[in-house]
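User: I should like a close look at one part of this protein, namely the place where empty space is left among the atoms. Please describe it in detail and then set it within the chain as a whole.

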Amino acid sequence: MGFVSAETFSGHPVPSLGTSNGLSEAFDPMQSGFFIPSSTLADVGKFEAGFFIDCVDSEFTARVRAAGYSIVIGTGCEVGHRLGARLPAKVLGLPLRLRGNDLSFNYYSPFRMYYIMRNGTTLARRYWLRNPGWVLRRMVEDAKAQLLRFAFSPDRRYLAIAAWEGLIDSCRGRQGRISQDLLNRIQPR
């Protein structure tokens, strides 16, 4: 076992990969709920600082799995965690409904979108050959969320610029903090 993840975050269950030896294994848990034995850190190393803000937990999860460990869901463990601002999806000012419920999405600022795209792309490139099923599932889940953000966010032009720049910076191998020049260009006016 590489580490234990919380079972739920603010009432939302952690997606599972299924069970192994009678224990549920987490798909891509958030680091807020990790319980990591020191032996795992000694074997695979610490969190990668270059990822900065987003995908730090996903990169660690991928590295732990690549070392042959499982990520176990701690039954009954709950972590309170806010996932961005929840906004309603609207067309012409009217809320969209899906199966009788208002459609909403987690809004993230262009600043955050840069890191989501840059680090997610770097993560996919780095682990595609080692764990293609996990990377593909992660990309599909992320694409569904991004589709809603790009369709309904109030500042989608800046989100698109930030995402493009994040993609380019990933291909260039850049990590760490966003440049001040780019930060100024993606701030909604």
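Analyst: The account below begins with the enclosed space and its surroundings, and then turns to the chain and to some other sites.

The model is predicted. Rolling a probe the size of a water molecule over the atoms shows where empty space is left. Applied to the whole structure, the search finds one cavity of 30 Å³ or more. The volume of this largest cavity is about 40 Å³. Its lining consists of Gly120, Leu123, Ala124, Trp134, Val135, Arg138 and Met139. Two helices, α3 and α4, each contribute at least two residues to that lining, and the largest share, four residues, comes from α4. By class, the lining of the cavity divides into five nonpolar residues, one polar residue and one charged residue.

A pocket is lined by residues of these helices as well. The second largest pocket holds about 160 Å³ of space. Around the second largest pocket stand Ile116, Met117, Gly120, Thr121, Ala124, Arg138, Met139, Asp142, Ala143 and Gln146. Here too, α3 (110-127) and α4 (132-152) each supply at least two of the lining residues. The lining of this pocket comprises five nonpolar, three polar and two charged residues. Gly120, Ala124, Arg138 and Met139 appear both in the lining of the cavity and in the lining of the second largest pocket.

Valine 135 deserves separate attention, since its name appears in the lining of the largest cavity. Valine 135 is part of helix α4. With a relative accessibility of 2%, valine 135 counts as buried, because the cut-off for that class is under 20%. Apart from neighbours within four places in sequence, valine 135 makes contact with Ala124, Tyr127 and Trp128. Of these partners, Ala124 is also among the residues that line the cavity. A separation along the chain can be set beside one in space: valine 135 and leucine 17 are 118 residues apart along the chain, and their C-alpha atoms are separated by 13 Å.

The chain as a whole gives the setting for this region. It contains six helices and eleven strands. Its radius of gyration is 18 Å, close to the 16 Å that the globule rule gives for 189 residues, so the chain is as compact as a globular protein of that length. Along the principal axes, the C-alpha trace spans about 50 × 45 × 25 Å. Of the 189 residues, 40% count as buried. The exposed surface of the chain amounts to about 10600 Å², of which carbon and sulfur atoms supply 57%. Among contacts between residues at least 6 apart in sequence, 71% join residues at least 24 apart.

Helix α2 offers a further view of burial. Ten of its eleven residues are buried, so α2 is largely enclosed by the rest of the structure. The buried residues are Val56, Asp57, Ser58, Glu59, Phe60, Thr61, Ala62, Arg63, Val64 and Arg65. Just after α2, glycine 68 adopts a positive phi of about 95°.

The loop that precedes this helix also has positive phi values. Isoleucine 53 is found in the loop between α1 (38-44) and α2 (56-66). Its phi is near 80°, a positive value in a residue other than glycine. Isoleucine 53 has a relative accessible area of 40% and is therefore partly exposed, a class that lies between the 20% and 50% limits. Cysteine 55 belongs to the loop between α1 and α2 as well, and has a positive phi of about 70° although it is not a glycine. With a relative accessible area of 7%, cysteine 55 is buried.

A last site lies in a strand. Threonine 8 is placed in strand β1 (residues 3-9). Its relative accessibility is 16%, and threonine 8 therefore counts as buried, being under the 20% limit. Residues up to four places away in sequence aside, threonine 8 touches Pro13, Val14, Cys77, Glu78 and Val79.

To return to the part requested, the cavity of about 40 Å³ has both α3 and α4 in its lining, and the second largest pocket likewise draws at least two lining residues from each of these helices.

How values were computed: Residues numbered from 1 in each chain as written. Predicted model: local features only at pLDDT ≥ 70, side-chain atom pairs only at ≥ 80, totals over all residues. Heavy atoms only, no water. 1 Å grid on protein atoms, 1.4 Å probe; cavity = no way out; pocket = protein on both sides within 12 Å on 5 of 7 lines; lining within 4 Å. Points joined across faces, edges and corners; volume = space filled by probe spheres on them. Nonpolar A, V, L, I, M, F, W, Y, C, P; charged D, E, K, R; others polar. Rg over C-alpha atoms; globule rule 2.2 N^0.38 Å. Buried < 20%, exposed > 50% of the residue type's maximum accessible area, 1.4 Å probe, protein only. Contact = heavy atoms within 4.5 Å. Areas by Shrake-Rupley, 256 points an atom, 1.4 Å probe, with all protein chains shown as cover.
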